[in-house]
Amino acid sequence: MASPSRLSPLPVPMELHVNNREKLIDSFHHHLSHSSRPLHGFVFLQGGEEQTRHDTDHLELFRQESNFAYLFGVVEPGFYGALDIASGKSILFAPRLPADYAVWLGEIKPLVHFKEKYKVDMAYYTDEIVQVLQDEFQGSSKPLLFLFHGLNTDSNNFSKPAEFEGIDKFETDLTTLHPILTECRVLKSDLELSVIQFANDISSEAHVEVMRKVRVGMKEYQLESIFLHHTYMYGGCRHCSYTCICATGGNSAVLHYGHAAAPNDRTLNDGDMALLDMGAEYHFYGSDITCSYPVNGKFSSDQSLIYNAVLDSHDAVISTMKPGVTWIDMHKLAERIVLQSLLRGGILVGNVDDMMAERLGAVFMPHGLGHFLGLDTHDPGGYLKGMERPKEPGLKSLRTVRELQEGMVITVEPGCYFIDALLVPAMENSNTARFFNREAVIRFKDFGGVRIESDLYVTANGCRNLTNVPRKIPEIEAVMAGGSWP
């Protein structure tokens, strides 16, 4: 029997992280020289710690903190890492494990194992941090540690700087590292891109597998299960980039459906649209793909109208993307295409320019057009220092307003949703009520929504789509009827 996958797990060279460290040191040197500051001290990061489930001894499956993963590629918990600014040397500090670790959790690896596995210059134990850094420091005063601390403008959370016993013996800088390391992560290297491409390849394949197997009467979680099985079985993807959104019927108008209070448990009904937003993670790097289609395999005229509105928007943005264009302009283009389609379809009436001025697009697409993608689904760096987040509806949800640059990986995910919480106020508002064909809107009351999401790499003169799933209606219907893809 032929395998349902043409893929196998991708070997990832540790040079990916060696290169990331070199990139950071080069950026640091440039910054310190430009600021007339001495080129000494250490970039110092604390890796992630294992977490138990509440007050139990159940350990949740560990996943490394993303910045530590970026620089060192370490999969184990409890590590620290340092980069010597002057020499560029890398140092890993591993936890000194108790003897009974070997009984319950396996062989206790020697330090040379971590030095060789992660291609660092030196490896010591975490209880040696103070002595090692003092010995390595070239200056005459207290050694200086550049700690990672700052605001993630995507999550609005602050990173927690490294802590260890004896840190009071060092000078610390809490402001320099965060913007430099965050910006390093924005532009992807060729090795990083190859891992993101593999995450896209296996996730694309899994989406197609779900498309082939979806049937009326199934549960939403069964679609999630098919996806997770495929990416783990054939791609070795133990982690997902985010909680899967498997929304059908009216649930597809719930933007972040799939959480504990809405756990992908509805039964699929004939005539439902499905909105499946799922992406696998491989070697820390993620994918983020959304497919929308009718669960019975055949688009109705109303489903075709909304689907093609979003697809035209998706395709128009991708054909326009290139270095130098601003993401806020891409978002507005996406809105305009959707509004034009809804106008042609008789759902809206009036002038599209007037609709844009009143921010009507945000009623149908309240989220931003997309986000940076990499070690996190919503990768940081969307707002540089001094950039302000827009305040208008829809635009305030943009995760970046930057100009595109070669090397960025960003999602394009326009949508069109019929959300009562937004439609009702807009239809009652004196500024926007005139745009609605109320009878047509009522017809779509239980429609839900459509989102189409692909992951794009910005090239020197355009962009490259990393995602490979059926998008046009005839393609989707053919695959759902048993046709091959690609």
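Which residue of β5 does Val 43 stand opposite? The legends below describe close-up views of a predicted model, and the view of strand β5 gives the answer.

**Figure 1. Strand β5 between its parallel partners β1 and β8****.** Strand β1, residues 42-46, is joined to β5 by 3 bridges, and the two strands run parallel. Val 43 stands opposite Phe 146 of β5. Strand β8, residues 171-173, also pairs with β5 in the parallel sense, again over 3 bridges. Here Phe 146 has Asp 173 of β8 as its bridge partner. Strand β5 itself spans residues 144-147 and is covered on both faces. Leu 144 and Phe 146 lie on one side, Leu 145 and Leu 147 on the other, and all of them are buried.

**Figure 2. The surroundings of Phe 44 in strand β1****.** Phe 44 has a relative accessibility of 0% and therefore counts as buried. Not counting residues up to four places away in sequence, Phe 44 touches Leu 145, Phe 146, Leu 147 and Phe 148, among others. Further contacts of Phe 44 include Tyr 80, Gly 81, Ala 82, Phe 93, Ile 129 and Leu 133, as well as Ala 162 and Phe 164. The C-alpha atoms of Phe 44 and Phe 299 are 55 Å apart in space, and the two residues are 255 apart in sequence.

**Figure 3. His 178 of helix α6 and its contacts****.** Helix α6 comprises residues 177-186 and includes His 178. With a relative accessible area of 12%, His 178 is buried. When neighbours within four places in sequence are left aside, His 178 is in contact with Phe 148, His 149, Gly 150, Leu 151, Asn 152 and Ser 159.

**Figure 4. Two exposed loop residues, Asn 156 and Lys 160****.** Asn 156 is found in the loop between β6 (151-152) and β7. Its phi is near 65°, a positive value in a residue other than glycine. Asn 156 has a relative accessible area of 55% and is therefore exposed. Lys 160 has its place in the loop between β7 (157-158) and β8. At 65% relative accessibility, Lys 160 likewise counts as exposed. From C-alpha to C-alpha, Lys 160 is 38 Å from Leu 333, a residue 173 places away in sequence.

**Figure 5. Packing of helix α7 with helix α15****.** The axes of α7 (residues 190-213) and α15 (residues 473-480) are 7 Å apart and meet at an angle of about 65°. The angle makes α7 roughly perpendicular to α15. Val 208, Met 211 and Arg 212 of α7 make the contact with Ile 476, Val 479 and Met 480 of α15. By class, 5 residues of the contact are nonpolar, 1 is charged and none is polar. The segment after α15 holds Pro 486. The peptide bond leading from Trp 485 to Pro 486 is cis, with omega near -5°.

**Figure 6. Two open, antiparallel sheets****.** One sheet has 3 strands in the order β10-β11-β14. Its edge strands, β10 (245-248) and β14 (289-294), each pair on one side only. On average, neighbouring strands of this sheet are turned by 10° against each other, direction ignored. Between β11 (residues 273-278) and β14 there are 6 bridges, and Met 273 has Pro 294 of β14 as its bridge partner. The other sheet has 3 strands in the order β9-β12-β13. Strands β9 (239-240) and β13 (285-286) stand at its edges with a single partner strand each, so one side of each is left without a neighbour in the sheet. Strand β9 pairs with β12 (residues 280-282) over 2 bridges, where His 239 is matched with Glu 281 as its bridge partner.

**Figure 7. The largest nonpolar core and the contacts of Phe 364****.** The largest nonpolar core has 54 residues, and Tyr 293, Ile 306, Leu 360, Phe 364, Phe 418 and Phe 436 have the most contacts inside it. Leaving aside neighbours within four places in sequence, Phe 364 is in contact with Leu 339, Leu 342, Leu 348, Gly 415, Cys 416, Tyr 417, Phe 418, Leu 423 and Phe 436. Another core, of 49 residues, lies apart from the largest one and has Leu 16, Val 43, Leu 92 and Phe 114 among its members.

**Figure 8. Arg 359 in the loop between α11 and α12****.** Helices α11 (352-357) and α12 (361-364) flank the loop that holds Arg 359. Arg 359 is not a glycine, yet has a positive phi of about 60°. Its relative accessible area is 11%, and Arg 359 is therefore buried.

Notes. Residues are numbered from 1 along each chain as its sequence is written. This is a predicted model: local features need pLDDT of at least 70, side-chain atom pairs count only at pLDDT 80 or more; totals for chains, interfaces and linings use all residues. Side-chain values use heavy atoms; hydrogens and water are left out. Axes are lines fitted to C-alpha atoms, for helices over the stretch in contact, and angles run from 0 to 180 degrees between N-to-C directions. Helices (H or I, at least four residues) and strands (E, at least two) are DSSP runs, numbered from the N terminus. Angles under 35 degrees count as roughly parallel, over 145 as roughly antiparallel, 65 to 115 as roughly perpendicular and the rest as oblique. Contact means heavy atoms within 4.5 Å. Ala, Val, Leu, Ile, Met, Phe, Trp, Tyr, Cys and Pro count as nonpolar, Asp, Glu, Lys and Arg as charged, and the others, Gly among them, as polar. A nonpolar core is a set of buried Ala, Val, Leu, Ile, Met, Phe, Trp, Tyr and Cys residues joined through side-chain atoms within 4.5 Å. Buried means under 20% relative accessible area, exposed over 50%, partly exposed in between (1.4 Å probe, protein chains only). Two strands pair if DSSP finds at least two bridges between them.
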